[in-house]
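Good morning, and thank you for coming. Please look at the sequence and the structure together while I speak.

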Amino acid sequence: MWAARHYCCSVLLSLLRDLYEISLQMEQVAHDRAKREESSSQVPLGYSVADEETEWLQSFLLLLFRSLKKHPPLLLDTVKNVCDILNPLDQLGIYKSNPGLIGLGCLVSSIAGIITVAYPQMKLKTH
């Protein structure tokens, strides 16, 4: 039980690090895009408040996709950590899931780990 608690804390801290890195990458991509749009056109685009309210999720997801596409090691590490959290959550009874889902999560996590060993450039380097 203690091992599962400590492992869960370790993976949660890794996920927090991934979220921090994702936010930094999203900020960088948004800044780069704003610079590119500023230099390419002098006419500001006229969005209404209604457009912003209906499209904020789409804009957020597009920015997230572009950020992770630009930084594959971060995507790989995030997927690995999300898959890793399934097992201790199940063992601790926090989130019960079936053995097939846990097995699939372990398989994906193992493949992600093998990729980082086979291709060292895919290992996440933090700031």
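I shall discuss the salt bridges of this predicted model first, and then two annotated segments and a surface patch.

The count of salt bridges comes to 4. Let us begin with Arg17 and Asp77, whose side chains meet at 2.6 Å, N to O. Arg17 belongs to helix α1 (residues 2-40) and Asp77 to helix α3 (residues 72-91), so this pair ties together parts that are 60 residues apart in sequence. Is Asp77 buried or exposed? Asp77 has a relative accessible area of 16%, and because buried means under 20%, Asp77 is buried. Arg17, at 33%, counts as partly exposed. Asp18 joins these two residues in a network of salt bridges.

A further salt bridge connects Lys70 with Asp32, with the closest N and O atoms 3.2 Å apart. Here helix α2 (residues 49-70), which holds Lys70, is linked to helix α1, which holds Asp32; the two residues are 38 apart.

Lys80 and Asp84 also form a salt bridge, at 3.0 Å between the closest N and O atoms. Both lie in helix α3, 4 residues apart, which is about one turn of the helix.

I turn now to the annotations. UniProt, in an unreviewed entry, places a signal peptide at residues 1-21; in the model that span is 95% helix. The unreviewed entry also lists a transmembrane region at residues 100-119, and this span is likewise 95% helix, its end C-alpha atoms lying 28 Å apart.

Finally, Ile94, Tyr95, Leu101, Leu104, Leu107 and Ile111 make a nonpolar surface patch of about 580 Å². Among them, Leu107 is found in helix α4 (residues 99-118) and is partly exposed, at 48% relative accessibility.

Technical notes
Residues are numbered from 1 along each chain as its sequence is written. This is a predicted model: local features need pLDDT of at least 70, side-chain atom pairs count only at pLDDT 80 or more; totals for chains, interfaces and linings use all residues. Side-chain values use heavy atoms; hydrogens and water are left out. UniProt positions are given in the numbering used here, feature names are shortened, and annotations may be inferred rather than shown by experiment. Patches are made of residues with over 30% relative accessible area and no salt bridge: like charges are joined within 9 Å, nonpolar side chains (Val, Leu, Ile, Met, Phe, Trp, Tyr) within 5 Å. Accessible areas come from the Shrake-Rupley method with a 1.4 Å probe; for residues, only the protein chains shown count as cover. Buried means under 20% relative accessible area, exposed over 50%, partly exposed in between (1.4 Å probe, protein chains only).
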